Amino acid sequence: MTDLAALGRLLDTFAYAAVGVAVTLQTGGIPAPGETLLLLAAAYAATGRLHLPLVVAVAMGGAILGNTLGYGTGRRWGRALRRRAGRWARLDAALAAGEAFFARHGDKAVVVARFAAPLRVSAAFLAGVHRMRFATFTRYNILGGALWATTYGLLGYTLGANWPRLERVAGNLGLGGLALGGALLAGLAWRWAKRGAS
C-alpha cells in the first residue's frame, strides 16, 4: 500500500513534466512515448488526481514547441542530410516518402501528420526541409497541436473514466471475446487511418 501511495505521489508531482518533455521530444524528431504518456496522464486525470485541461495544455505546448524545433532543424540542416542520405537507402526512401506526402497534402500535411504515428516524428523536419513559410507552418502547427492534444486527451480521459465498466465487460466476455473486440477495434482504426490518408 505504501508503494502504491508513493507511486501516486510521484505521478501527481511529475506527470505534467513527463508529458511535456516526452511530447516535445517526440514531435521534435526523437522517438519518445509522448502519445502514450498523454493518454495515460489523461486517463489518470479521470481519477481526479490530475487536471485534464492542464494535461492537454502541457501536451499542446510540447507538441507545438517540438514541431517548431523540428522545423528549424530541417530548415537549417535538412538539405545537407538529404544529399548525404543517398548513402543510406532506408533514410533516403523515408525522406522521399515524406516529400511525396508533403507534395500531395501541402500545408495540411502538418496537421494530418499529427495523427499518423510514423509521420508525427518527421513532419516538422520535412516542412523545414521543404522551406515551408514559417508563418504558414506556425498556423498549421498550432492548429494540429491543439487538435491532437485535445483528441488524445479526451480519449484517455474517457478510457480512464470508464475503466471499471471496461473491466466488467472484459470479465464477462472472457479472453476470446476480448481478442475479438480488440481485432474489431483495430480493423476500424485501420480503415479510418486509411481513409484519412487517401
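Helices here are DSSP runs of type H or I with at least four residues, and strands are runs of type E with at least two, both numbered from the N terminus. With that in hand, the elements of this protein read α-α-α-α-α-α-α-α-α from the N terminus on. In other words, the secondary structure comes to nine helices and zero strands.

**How far to trust the model**

What you see above is a predicted model. The mean pLDDT of the protein is 77, and 67% of its residues reach 70 or more. Where is confidence lowest, and where is it highest? Helix H9 (residues 163-197) has the lowest mean, 55, while helix H8 (residues 134-161) has the highest, 91. Where pLDDT is low, the predicted coordinates should not be read in detail. Keep that in mind when you look at helix H9, with its mean of 55.

**The chain as a whole**

The protein has 198 residues, and buried ones make up 32% of them. About 11900 Å² of the protein is exposed, with carbon and sulfur atoms supplying 68% of that area. Now take the contacts with a separation of 6 or more: residues 24 or more positions apart account for 76% of them.

**Inside: two nonpolar cores**

The largest nonpolar core has 18 residues. Those with the most contacts inside this core are Val-23, Leu-38, Leu-50, Val-55, Ala-59 and Trp-148. Which helices each supply at least two residues of this core? They are H1, helix H2 (34-45), H3 and H8.

Leu-38 is a good residue to click on. Not counting residues up to four places away in sequence, Leu-38 touches Val-19, Val-55, Ala-59, Trp-148, Ala-149, Tyr-152 and Gly-153. There is also a second, separate core of 13 residues, which includes Phe-101, Ala-109, Ala-113 and Ala-123.

**Four residues to find**

The table gathers four residues, with the place and the relative accessible area of each.

| Residue | Place | Relative accessible area |
|---|---|---|
| Leu-25 | helix H1 (residues 2-27) | 34%, partly exposed |
| Gly-70 | helix H3 (residues 52-84) | 1%, buried |
| Arg-131 | loop between helix H7 (123-129) and H8 | 38%, partly exposed |
| Ala-161 | helix H8 | 45%, partly exposed |

Why does Gly-70 count as buried? Its relative accessible area is 1%, and buried means under 20%. Leaving aside neighbours within four places in sequence, Gly-70 is in contact with Gly-28, Ala-124 and Phe-125. The C-alpha atoms of Gly-70 and Thr-24 are separated by 9.6 Å, although these two residues are 46 residues apart along the chain.

Ala-161 invites a similar look across the sequence. Ala-161 and Tyr-44 are 117 residues apart along the chain, yet their C-alpha atoms are separated by 8.7 Å.

Leu-25 takes us to the surface. Together with Val-21 and Ile-30, Leu-25 forms a nonpolar patch there, and the three have about 250 Å² of accessible area together. Leu-25 counts as partly exposed because its relative accessibility is 34%, and partly exposed covers the range between 20% and 50%.

Finally, turn to the backbone of Arg-131. Most residues other than glycine have a negative phi. Arg-131 is not a glycine, but its phi is positive, at about 55°. You can find Arg-131 in the loop between helix H7 (123-129) and H8.

How values were computed: Residues numbered from 1 in each chain as written. Predicted model: local features only at pLDDT ≥ 70, side-chain atom pairs only at ≥ 80, totals over all residues. Heavy atoms only, no water. Patch = residues over 30% accessible without salt bridge, like charges linked within 9 Å, V, L, I, M, F, W, Y side chains within 5 Å. Areas by Shrake-Rupley, 256 points an atom, 1.4 Å probe, with all protein chains shown as cover. Salt bridge = Lys/Arg side-chain N within 4 Å of Asp/Glu carboxyl O. Buried < 20%, exposed > 50% of the residue type's maximum accessible area, 1.4 Å probe, protein only. pLDDT = per-residue confidence, 0-100. Contact = heavy atoms within 4.5 Å. Core = buried A, V, L, I, M, F, W, Y, C linked by side-chain atoms within 4.5 Å.
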